[in-house]
Amino acid sequence: MLVVLQRDKEEVSRLAAEIIAGAIRRKPALRLGLATGGTMVGVYRELVRRHREDKLDFSLVVTFNLDEYLGIPATHPQSFHHFMHEHLFSQVNVLQTNIHIPDGTLSGNYDAYCEKYEEAIRDAGGIDLQLLGIGRNGHIGFNEPMSSLGSRTRMKELSAETIEDNRRAFAPGERMPECAITVGIGTILETRRILLLATGASKADAIAKSIEGPVAASVTASALQLHRDVTFIVDQQAGAKLTQKSYYEHVLKMTKALMPERLS
Ligand code: PGA
């Protein structure tokens, strides 16, 4: 695992966008796994800037989003469909037909739908680069604590903590979705390369447990310790509870000198 400690949110966004842009330039038909959430806004802003100013080309890129709330339409301002359209898809030249986001309007037959989502990922050749945020409770996607570490795409009940964290984005009094469709931990572990981003003090516990704690279903991001190519990019606040910082800095220095491609 590579742990990159950045000064602030801007530096985290810039490095993540640089790595994604590099991956698209090396492989224009990149299979890109995408995430939503406040942490991703700056990354997508930077990718849009690179599209406009540096001609970063998304025309062959195929995207798969991690998750979507169940029970709200794509047009809902808090849906992940809406988030992706607003922050990225409407501003770059990705083809509509190359975009995949779980359908939040399903009302039954979840397993059959989720198996099809897995099949679409497989048919596309698997995900080359997966972008991840992390919840305060250590979730990745909507794989809440105690999700099976072998889980696949499925319907998932949201935890009280996640509902509380996400409620503030919904209108006062509005009914907040209590379930989601999310890819599984097993699905995420099959991706070829992972970038997990975290900023802010509220993520410090989750980051320390994910990187330095035991692999456990109670912190689903800890399963990334089993992945062969994962890079955590965290700001000072999110990395505040890590105990091995000087070692991570040493590894980073050596990686930049000996294997710079791992950061591009
Ligand atoms: P955030 O969400 O970027 O809005 O903090 C991250 C997550 O819950 O995965």
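What follows is a short exchange about the ligand site and the largest cavity in a predicted model.

Biologist: Which residues surround the ligand?

Modeller: Gly-37, Gly-38, Thr-39, Gly-133, Ile-134, Gly-135, His-139 and Lys-203 surround the ligand. By class, this shell has one nonpolar, six polar and one charged residue.

Biologist: Why is Gly-38 said to make a polar contact with the ligand?

Modeller: A backbone N or O atom of Gly-38 lies 2.9 Å from an oxygen atom of the ligand. The cut-off for such a pair is 3.5 Å, so the pair counts as a polar contact.

Biologist: What makes the pairs at Thr-39 and Lys-203 polar contacts?

Modeller: An N or O atom in the side chain of Thr-39 is 2.5 Å from a ligand oxygen, which is within 3.5 Å. For Lys-203, a polar side-chain atom lies 2.6 Å from an oxygen atom of the ligand, so this pair also meets the cut-off. Of the 280 Å² of accessible area that the ligand has on its own, the protein covers 72%.

Biologist: Where does the ligand sit?

Modeller: The ligand sits in the largest pocket.

Biologist: How many cavities of 30 Å³ or more does a search of the whole structure find?

Modeller: The search finds one. The largest cavity holds about 40 Å³ of space.

Biologist: Which helices and strand each supply at least two residues of its lining?

Modeller: Strand S3 (62-65), helix H4 (110-123) and helix H6 (185-189) do. The lining residues include Phe-64, Tyr-117 and Ile-188.

Biologist: Why is Tyr-117 in that lining counted as nonpolar?

Modeller: Tyr is on the nonpolar list, so Tyr-117 is counted there. The lining has seven nonpolar, four polar and no charged residues.

Notes: Residues numbered from 1 in each chain as written. Predicted model: local features only at pLDDT ≥ 70, side-chain atom pairs only at ≥ 80, totals over all residues. Heavy atoms only, no water. Near = heavy atom within 4 Å. Polar contact = N/O pair within 3.5 Å; in protein donor to acceptor, adjacent residues only side chain to side chain. Areas by Shrake-Rupley, 256 points an atom, 1.4 Å probe, with all protein chains shown as cover. 1 Å grid on protein atoms, 1.4 Å probe; cavity = no way out; pocket = protein on both sides within 12 Å on 5 of 7 lines; lining within 4 Å. Sits in = over half its atoms within 2 Å of the grid points. Points joined across faces, edges and corners; volume = space filled by probe spheres on them. Helix = DSSP H or I, 4+ residues; strand = E, 2+ residues; numbered from the N terminus.
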